[in-house]
Amino acid sequence: MKVDTRATAPIEGQKPGTSGLRKKTRVFMEPEYLENFIQATLNAIGGAGGKSFVVGGDGRYFNREAIQTILKMAAANGARLVIVGQDGILSTPAASNLIRQNKTDGGFILSASHNPGGIDEDFGVKFNAENGGPAPEKLTARIFEATTRIDQYQIAEVDDVDLARIGETRLGDMTVRVVDPVESYKALMETLFDFDAIRALFSGGFTMRFDAMHAVTGPYATEILENTLGAPSGTVANGIPLEDFGKGHPDPNPIWAKPLMDLMMGADAPDLGAASDGDGDRNMIVGRGIYVTPSDSLAILAANAHLAPAYEKGISGIARSMPTSAAADRVAAALGVECFETPTGWKFFGNLLDAGRVTICGEESAGTGSDHVREKDGLWAVLLWLNILAVRKQSVAEIVNDHWQTYGRNYYSRFDFEAVASDKANAMMDALRGKLAGLPGQSFAGQTVSFADEFSYHDPVDGSLSENQGLRLGFEGDGRAVFRLSGTGTEGATIRLYLERGTEQGGETSMSPQDALSGVLAAALEISDMEGFIGRTTPDVTT
Ligand code: VG1
Ligand code: CO
C-alpha cells in the first residue's frame, strides 16, 4: 500500500457545533476540506496508530465518497481496524452501539442529521469517542485547534473498498469489516424490551405508521417493526434511504412530518404514529388525535420505563437539556431520583451516563435515549412507547392525560427563526444579555420576571464548565422563556425561542399551548425587542 503524505493548509471555520461539523455539501466536497478535518481529528486523539474505528452515515449525498476517503486516511495513519455499515449505512445510535460492543477507539458518523441532504444542501461529520458518545467539548476544542495548525495529511493510494459486500477486506495492514447495519442494533433492542408483548399487541390489531422520512431508520424500522414484531407490511412509510431524503427535511416534527400529522389527526388514524430524523437519533410520537411534545414524551417514558424489562428495577436518574421542559423533573422528584439540567446537545449526557448517575436522558428537540448507548435513539423511544402501550393497554391519549393529571402539565412550544443575519441575531442576544441583571421584579406584558440569567453548566462528573448556553427568563407563575442561537445551522443564524409554563399538580391541563403560553411569549418578545433587532416575530417553524 502506497501512503501519500500531502501538504495542506488550515481552512477557516472547521469548528464543530452542537453536533459535529456541519456545512453545505459543496463545501465538504472542496479539495482538502474533509481530509483536513479527518486528519485534525486523528491528530487530536493522538494519532490513529493501532486503533480501531466505526464508520458509517445516514446515506445522504456524498456519504459513500466521504467513507472511502476516511478508510484510506485511517489506513495511511496506521489504524488496525475499521468497522463499516454495509453500503455505508449506520444510524447514529447503531454506530454508538458498534463502538461500544467492539470497544473501538471511536467512530466517524457522516450526517447533518435533521438538515436536508443533497449536493446543494448539508453534510456533516461527527466524531464519537470510545464510550460511543459525541466528542465532549474538550475534545472538540482540541480538534478545532488541530484544524488551525494542520499542514499535511496522510492518505493511502488504493482502490475503493466494496462496501456492498459483508465481510472483511484489507487496506494494507488495516482490516475493513463491512457489517450488516441493523443486526447488532436489533439484538440490543431485543435485550431491552419485551418483544413478545409487542408482538401480541400487533397481532391483536394494534395499528401504527412509522415515517422513516426517506432517511436512515427505514431499514432498521422495517426489520424490527415489520419483520420481527409482526407489524403489517406498509407500517413503515418512506423506508428506503435516499441521498436527498426525497427533497424533504428529515426532521420529525409537526411541520416537516406533516403527512403523518394529518393522518394522525384524521378519521382513519392508526393507534400510534412515529417518525425519525436523518440519522435515526430523533423521534416524534403521535397518538390518535394527539401530538406528544418531546418534553412530555421524555417525562412519560421516564415514569413508565419500569414496564420494560431493561428498566424494571427502576432508573437511577434523569437528565434533560436546559431548554427542555421541567415535566421530567416532576417525575424525578416523584421517583426520588436525581435530575440534571445540561446544555443543549447529547455530548453533555455522556459523563452522567458513564458514571451511572442517570438512566434516561432527553431533549425538547425530539431526542430521547438511555444508558444502552451514548446517543439519543429514535427507534428505542418508539419501542419503549410500544412496550408501555402493550403493558398498559391504554391509548396514547389516555396515557398522556393520565400523566398530566398525576404530575401536572408543562405547556411547551419552540419557535425557530431561521436564516437571520448573524450580526442582527448577535446584536439581539448581546442586548438581552446586557439587561438580564436588571430584569427581576419588572413586569412585561403582565408577566413579572422572577429570574434572568445566562445558563452555564458545571459537569458534576469531571468538573468542567460550559458557559454561554442560553439566556433564561423566569416568570412568576412558573413561566419560562429561553433564547439560544442554534449550533447546527449552515446559513446565517437560527434563533430558538423556547416557551414553557407549568401548572400546579391538579391544575388545568386542557388549554391549548398557544393560549397557555401567550403571556410568556408576549413578555419574551417585548424584553428582547426581537421586532426591532431582526424585523420579525413570526417563526419559520413552531414545534
Ligand atoms: C439541535 C437541537 C439539539 C440537538 C442538536 C443535534 O441543536 O436543538 O437539541 O441535540 O440539534 O441533533 P441546535 O444547536 O441547532 O439547537 V441532531 O439529531 O440534528 O444531530
Ligand atoms: Co439526528
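**Group meeting: two sheets and a ligand site**

Let me start with a detail of one turn: in the hairpin of β8 and β9, where two residues lie between the strands, Gly-172 takes a positive phi near 60°. Strands here are DSSP runs (E, at least two residues), numbered from the N terminus, and two strands pair if DSSP finds at least two bridges between them. Before going on, I should say that this is a predicted model, in which local features need pLDDT of at least 70 and side-chain atom pairs count only at pLDDT 80 or more, while totals for chains, interfaces and linings use all residues. Residues are numbered from 1 along each chain as its sequence is written, chains are lettered from A and ligands numbered from 1 in the order in which they are written, and side-chain values use heavy atoms, with hydrogens and water left out.

Back to the hairpin: β8 and β9 (residues 174-179) pair in the antiparallel sense over five bridges, and Glu-168 stands opposite Arg-177 in β9. These strands belong to an open sheet of seven, with mixed pairing and the order β2-β6-β5-β3-β4-β9-β8. Because β2 (21-24) and β8 (167-171) each have a single partner strand, they stand at the edges, and one side of each is left without a neighbour in the sheet. Elsewhere in that order, β5 (residues 107-110) and β6 (residues 122-128) run antiparallel and are joined by four bridges, with Phe-108 opposite Phe-127 in β6.

There is also an open sheet of seven strands with antiparallel pairing, in the order β20-β21-β24-β25-β26-β19-β27. Its edge strands, β20 (443-444) and β27 (541-542), pair on one side only. Within it, β24 (residues 471-475) and β25 (residues 479-485) are antiparallel over five bridges, and Phe-475 has Gly-479 of β25 as its bridge partner.

Now to the ligand. Which residues come nearest to ligand 1? Of the 20 residues around it (a heavy atom within 4 Å), they are Thr-18, Ser-113, His-114, Thr-488 and Arg-496. By class, this shell holds ten polar and ten charged residues and no nonpolar ones, where Asp, Glu, Lys and Arg count as charged, Ala, Val, Leu, Ile, Met, Phe, Trp, Tyr, Cys and Pro as nonpolar, and the others, Gly among them, as polar.

As for polar contacts (N or O pairs within 3.5 Å), a polar side-chain atom of Thr-488 lies 2.5 Å from an oxygen atom of ligand 1, while the corresponding distances are 2.7 Å for Glu-363 and 2.9 Å for Lys-376.

Key
A polar contact is a pair of N or O atoms within 3.5 Å; within protein, one must be able to donate a hydrogen and the other to accept it, and residues adjacent in sequence count only if both atoms are side-chain atoms.
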